[in-house]
Amino acid sequence: MLKKLSQSVKSLGTKTLIILIALSFAVWGIGDIFTGDTNPTVATVGNSKIKLKDFQLEYQAILDNLRQSTDEPLSDEFVKSMGLHKTVINNMINKKYINIFSKELGITVSNQYIRKNIFKNSLFHDQLGVFNKDYLNFYLNRNNLSEEEFIDLSKDELINQVFIKSLSFSS
């Protein structure tokens, strides 16, 4: 059996076929290893990109809120039929537009304000209502976020809130 296999590998056609298979696998099969992009872009708004990780974080948060607000279980088919993924990506695109416009207007928030907002977030409070760094770390680990990414997301969200509140006060 090995003798037949070694004889068939010696033919020019078989060698060419093996080389083509190996090359196609190298180019398409393991492309992520060379590019290193483990967080692909799902949408682009101007120069800003919406990454898959951000989409998943937003989608999961909305899905969790939906599941908590209803007594009946939500099936995956029902969620898909609702078009939740389309709604989430459209909302994220709108938020990016607002954020770009806010930054062009020069709206910023200070690092102290971001820190204060994170400390006030009830997600990171223990049973006594006190901020707990372990809760924050658990949230970051669960959502595969670094502190810098979380601060950037918080900053963008706060800038959007400041812009929207200023619009509502002016009207």
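These questions and answers cover the fold, pockets and salt bridges of a predicted model.

Q: How many helices and strands does the protein chain have?
A: Along the sequence the pattern is α-α-α-β-β-α-α-α-α-α-α. The two strands sit between α3 and α4 in that order. The secondary structure therefore comes, under the DSSP run rule, to nine helices and two strands.

Q: What percentage of the residues in the protein chain is buried?
A: Buried means under 20% relative accessible area. The protein chain has 171 residues. The buried share is 21%.

Q: Among contacts between residues at least 6 apart in sequence, what percentage joins residues at least 24 apart?
A: A contact needs heavy atoms within 4.5 Å. Pairs under 6 apart in sequence are left out of this count. The share that joins residues at least 24 apart is 56%.

Q: In which sense do β1 and β2 pair, parallel or antiparallel?
A: Strand β1 covers residues 41-45, and β2 covers 48-51. Valine 45 has serine 48 in β2 as its bridge partner. The strands share four bridges, and the sense is antiparallel.

Q: Which residue in the turn of the hairpin has a positive phi?
A: β1 and β2 form a hairpin with two residues between them. The phi in question is about 65 degrees. The residue is glycine 46.

Q: Which residue in the loop between α8 and α9 has a positive phi without being glycine?
A: The loop lies between α8 and α9. The phi is near 55 degrees. The residue has a relative accessible area of 56%, so it counts as exposed. It is asparagine 144.

Q: Is lysine 53 buried or exposed?
A: Lysine 53 lies in helix α4. Beyond its neighbours within four places in sequence, lysine 53 contacts Asn39, Asn143, Asn144, Leu145 and Glu149. The cut-off for burial is under 20%. At 18% relative accessibility, lysine 53 is therefore buried.

Q: Which residue forms a salt bridge with lysine 53?
A: The closest N and O atoms are 3.2 Å apart, and the cut-off is 4 Å. The partner is in helix α9, 96 residues away from lysine 53. With a relative accessible area of 30%, the partner is partly exposed. It is glutamate 149.

Q: Which helices does the salt bridge of lysine 103 and aspartate 156 link?
A: The side chains meet at 3.2 Å, N to O. The two residues are 53 apart, in distant parts of the chain. Lysine 103 has 46% relative accessibility, so it counts as partly exposed. The helices are α6 and α9.

Q: Which residue meets aspartate 76 in a salt bridge?
A: The N to O distance is 3.7 Å, within the 4 Å cut-off. The partner has 34% relative accessibility and counts as partly exposed. It is arginine 67.

Q: Which residues are linked in a network of salt bridges?
A: Side chains of opposite charge can pair when their charged atoms come close. The count of salt bridges comes to six. The network links Glu58, Lys95 and Glu157.

Q: Which element gives the most to the lining of the largest pocket?
A: The largest pocket holds about 1,300 Å³ of space. Of its 38 lining residues, the closest to the centre are Leu57, Glu58, Tyr139, Phe150 and Leu153. The elements that give two or more residues are β2, α4, α6, α7, α8 and α9. The top contributor, with ten residues, is α9.

Q: How many residues of the lining of the largest pocket are charged?
A: Asp, Glu, Lys and Arg count as charged. The lining also has 15 nonpolar and eleven polar residues. The charged residues come to twelve.

Q: Which element supplies the largest share of the lining of the second largest pocket?
A: This pocket has a volume of about 180 Å³. Its lining includes Asn111, Ile114, Phe131 and Phe150. The lining divides into seven nonpolar, one polar and three charged residues. α7, α8 and α9 each supply at least two residues, and the largest share, five, comes from α7.

Key. Residues are numbered from 1 along each chain as its sequence is written. This is a predicted model: local features need pLDDT of at least 70, side-chain atom pairs count only at pLDDT 80 or more; totals for chains, interfaces and linings use all residues. Side-chain values use heavy atoms; hydrogens and water are left out. On a 1 Å grid over the protein atoms alone, a cavity is a set of points where a 1.4 Å probe fits but cannot get out, and a pocket is an open set with protein on both sides within 12 Å along at least five of seven lines; lining residues have an atom within 4 Å of a point. Grid points are joined across faces, edges and corners, and a volume is the space filled by probe spheres set on the points. Buried means under 20% relative accessible area, exposed over 50%, partly exposed in between (1.4 Å probe, protein chains only). Two strands pair if DSSP finds at least two bridges between them.
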